[in-house]
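Here are some exercises to work through with the model open beside you. Try each task first, then follow the solution step by step.

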Amino acid sequence: MSKMETTLPALSPDGDRMIVNMGPSHNSTHGTLHIVLELDGEFIVKATPQIGYLHRGVEKLGENLTYQQFIPLTDRLNYCSSLMNNVGYTLAVEKLLGIQDPPRSRVLRVLCSELARIGDHLVCIGINAVDIGAFTAFLYMFKERETIYDLFEMMAGQRLHSSFTRIGGLFRDIPAEFEPLCGQFVESCERTIDEMERLLTHNPIWADRTKGVGAISAEDAIGWGYTGPCLRAAGVAQDLRVAQPYLDYETYEFDVAIAGSGDVYDRYLVRTEEMRQSLRIVRQCLKRLKEIGPGPVIVEDYKVALPPKEKVYTRMESLIHHFKLIMHGIDMPVGEVYSATEAANGELGFYIVSDGTKSPYRIHVRPPCFPIFSSFEEQVKGRLIADAISVLGAMNIIAGEMDR
Amino acid sequence: MAGINLDDSVMTTRLDAVVNWARKNSLWPLPFGTACCAIEFMSMMASRYDFSRFGAEALRFSPRQSDMLMVLGTITNKQAPILRQIYAQMAEPKWVLSVGVCASSGGMYRTYSTLQGIDRVVPVDVYVPGCPPRPEAMIYGAMQLQAKITKETIKGRREHIEKFYESMARQEELQKARGLSSHQVVREMVLAAGENGEQRIW
Amino acid sequence: MVIERIDETLPGAVLDRHAFRGDQTIVVGRDRLLEVIDLIYKEGFQLLLDVTAVDGGQRDPRFDVVYHLLNLTSQERLRIKVRVGERESVPSLVSRFKSADWAERETMDMFGIPFEGHPDPRRLLMWEDFPGHPLRKDFPLDGGDVFCSQDIGASFSPDARSPHV
């Protein structure tokens, strides 16, 4: 034993550094990113993230598409909670136009946003746990996510990329079977979250791997441009649903979850609590839908939204509206707007510059995880390489929205 | 020895058939998940769809240990050389499943940064359309691949990918000669192939 | 409100201002940008959400560099624009906001606007030897790729169709 030790070469004073490439194909990078880690033994000395491996040119493409045509592209930004991006984008265009969607559509938008938020958090926590080595929770949680997919499929006809919203409202109303299944989902999801908490919250291994890892102070978090659950985990109660309410969020009852230290464990707790609060909002939405009763889900302004198909086929005027809207697009005012919504990862902003033509002059997406990921090096410096995995999972990096 | 009846214990078949039977039922996928399709892939592996029923439950994230490369999502021009590298590193025999329209043809991203179909840079065996394809569609794609493997010859499979290694050598040569990054070299090779009316660089 | 205070403290810094749909925008000269940023940081605008740019095409000066800031206490938003011409640089905000680091690198990558004093001026999204800056108006959407144009059919490798025997 001692003989072995003497034959080993002594470490040079500056340390023998090892370079480890994490990614671009790595099982814990959801999407594609590349991190060059410089290791001293098992400790990270330097971490250089490189992104752009999923840069698909969405912003440039948006300049060549009409406002309506951009909606499917927003789905593919944060593909864990596609519907929320649809809502964020249409709200931005509606702000530019200065219109508001009908009340029933507003409730439905809140409903599907909150379902998407639950789905996003389920994936984020589930995969974070899988990466750390706890596989069981993922299977329980994915069962609920499949129900969310079913609900979305009922709503919009697609599981993942629903493109459910339209400028001025929604693509269509929900079918009759939606509400019973959604009611069931709310009950069973509540139980699943309890189960997940039993598997993780007091699990000593989970605590060892997450507590104190990636801790960040409130000032630093603001400096790095954090928003969403990561900022709230650091103790800043910033939630756009409360601070700058949109879609009548001020009329719903829910609490903003905050924690103190900003570490991976706190981010997990904040996300868990947010799922419970989202379930609360979903319940209120279901109640409200019954109160409002049937009604239009899209504005009846045929200069903005397509007229119903029956009218297009039977009335000349509607046919002209349809043709004008498809060929020439919406008459947009000249100006620029920035509209932000509270997406699952944080503030999802759309900056649209309009020159009055049918396609935007410039469209820019402010993705929530882009600034969060830029702080990666500071989060993992001096820590074990294993911690890099848990930090990465808790940041919930979605390459689609980060690289655009 | 004369008294032993071998009828019950010996079976004659072609080598190809028995090897292919073994190959198709023990595919080890390498999920090269880049975008949205990777999320649907999670569904495919999770409780409801359970891909392990097809003998492909051993996910390996190392190219050395897998033989079915599942390309899940958009491959950008920046990603293209990495995909080629991963494919080159895989042990033979190897198959490629291109999942989703982005991987198959560039899909809705007809832009400067997206590779217009991964078959421009690596050989593809089965294309699964959809944006993203449902887990059922992915499973069907994998079953199509199994059907394809049944009909293959061992030699044919080996010869099929030889051209790819030649293009890898050409890429390295160009990289050295012109001092460019691998991203730029692959991009230029793809552009040049397009100018010449070719569909692919391998 | 904050714009009035900027006008009081730093007269002449705000070149132009407008509000559209409630979005407050000020245009600041690039030599006065850091002063204005320092002032509004003290006023509470501590979250720099985003840095991006807009290419004006033929306009002179060509680019608008756009900063979006949020005041966490009062929940006010402010958009600051700096007009720069081709090959003119903008002072980097990395010393004030850490979140400016990547956002400025992205803007530099996509528009080719240099940020003066940036600690790590490399491209962010595209690779280092990528020719051109994609989000400029004169950069073609397809980037010169014939596969993007309409007349090229869908791609498939013939081998994929029939199993090779």
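**Exercise 1. Find how many salt bridges the rule gives across the interface of chain A and chain B, and locate one of them.**

Step 1. This is a predicted model, and in it the rule finds two salt bridges across the interface of chain A and chain B.

Step 2. For an example, go to Arg159(A) and look across to Glu40(B): their side chains form a salt bridge, with 2.8 Å from N to O. That distance satisfies the cut-off, which asks for a Lys or Arg side-chain nitrogen within 4 Å of an Asp or Glu carboxyl oxygen.

Step 3. Now widen the search to polar contacts, where the count between chain A and chain B is 16 residue pairs, both residues being at pLDDT 80 or more.

**Exercise 2. Describe the side of chain A that touches chain B: which elements give two or more residues to it?**

Step 1. Look for the helices: the elements giving two or more residues are helix 2 (58–62), helix 3 (71–75), helix 5 (103–132) and helix 6 (136–156) of chain A.

Step 2. Rank them, and helix 6 of chain A comes out with the largest share, nine residues.

Step 3. Sort this side of chain A by class: 17 residues are nonpolar, ten are polar and eight are charged.

Step 4. Add the extent of the contact, to which chain A gives 35 residues and chain B gives 32 residues. Between them the two chains bury about 2900 Å², with 61% of it on carbon and sulfur atoms. On the chain A side, Tyr53(A), Arg56(A) and Arg159(A) lose the most area to chain B, together 21% of what that side buries. You have met Arg159(A) already, as the salt-bridge partner of Glu40(B).

**Exercise 3. Turn to the contact of chain A with chain C, and work out how many residues each chain gives.**

Step 1. Count the residues: 47 come from chain A and 43 from chain C.

Step 2. Take the area next, about 3700 Å² buried between chain A and chain C, of which carbon and sulfur atoms give 57%. In chain A, the residues losing the most area to chain C are Lys60(A), Glu336(A) and Tyr361(A), together 18% of what that side buries.

Step 3. Check the charged pairs, and you will find eight salt bridges between chain A and chain C. One of them joins the side chains of Glu336(A) and Arg79(C), at 3.7 Å from N to O.

Step 4. Place these on the fold: strand 6 (residues 334–342) of chain A gives six residues, the largest share of the side of chain A that touches chain C. By class, that side has 22 nonpolar, 13 polar and twelve charged residues.

**Exercise 4. Trace the open sheet of chain C: in what order do its five strands lie?**

Step 1. Read across the sheet, and the order is 1-2-5-4-3, with mixed pairing.

Step 2. Find the edges, which are strand 1 (14–20) and strand 3 (47–55) of chain C, each paired on one side only.

Step 3. Inspect one pair: strand 1 and strand 2 (residues 23–28) of chain C run antiparallel over six bridges. Among the bridge partners are Ala19(C) and Gln24(C), the latter in strand 2 of chain C.

Step 4. Finish with the helix packing. Helix 2 (residues 33–43) of chain C lies across strand 2, strand 4 (63–70) and strand 5 (77–84) of chain C, at about 170 degrees to strand 5. Helix 3 (residues 100–111) of chain C also packs on the sheet, touching strand 3 and strand 4, and its direction makes about 5 degrees with that of strand 3.

Notes: Residues numbered from 1 in each chain as written. Chains lettered and ligands numbered in written order. Predicted model: local features only at pLDDT ≥ 70, side-chain atom pairs only at ≥ 80, totals over all residues. Heavy atoms only, no water. Contact = heavy atoms within 4.5 Å. Buried area = accessible area lost by both parts, 1.4 Å probe. Helix = DSSP H or I, 4+ residues; strand = E, 2+ residues; numbered from the N terminus. Nonpolar A, V, L, I, M, F, W, Y, C, P; charged D, E, K, R; others polar. Pairing = 2+ DSSP bridges. Axes fitted to C-alpha atoms, helices over the stretch in contact; angles between N-to-C directions. Polar contact = N/O pair within 3.5 Å; in protein donor to acceptor, adjacent residues only side chain to side chain.
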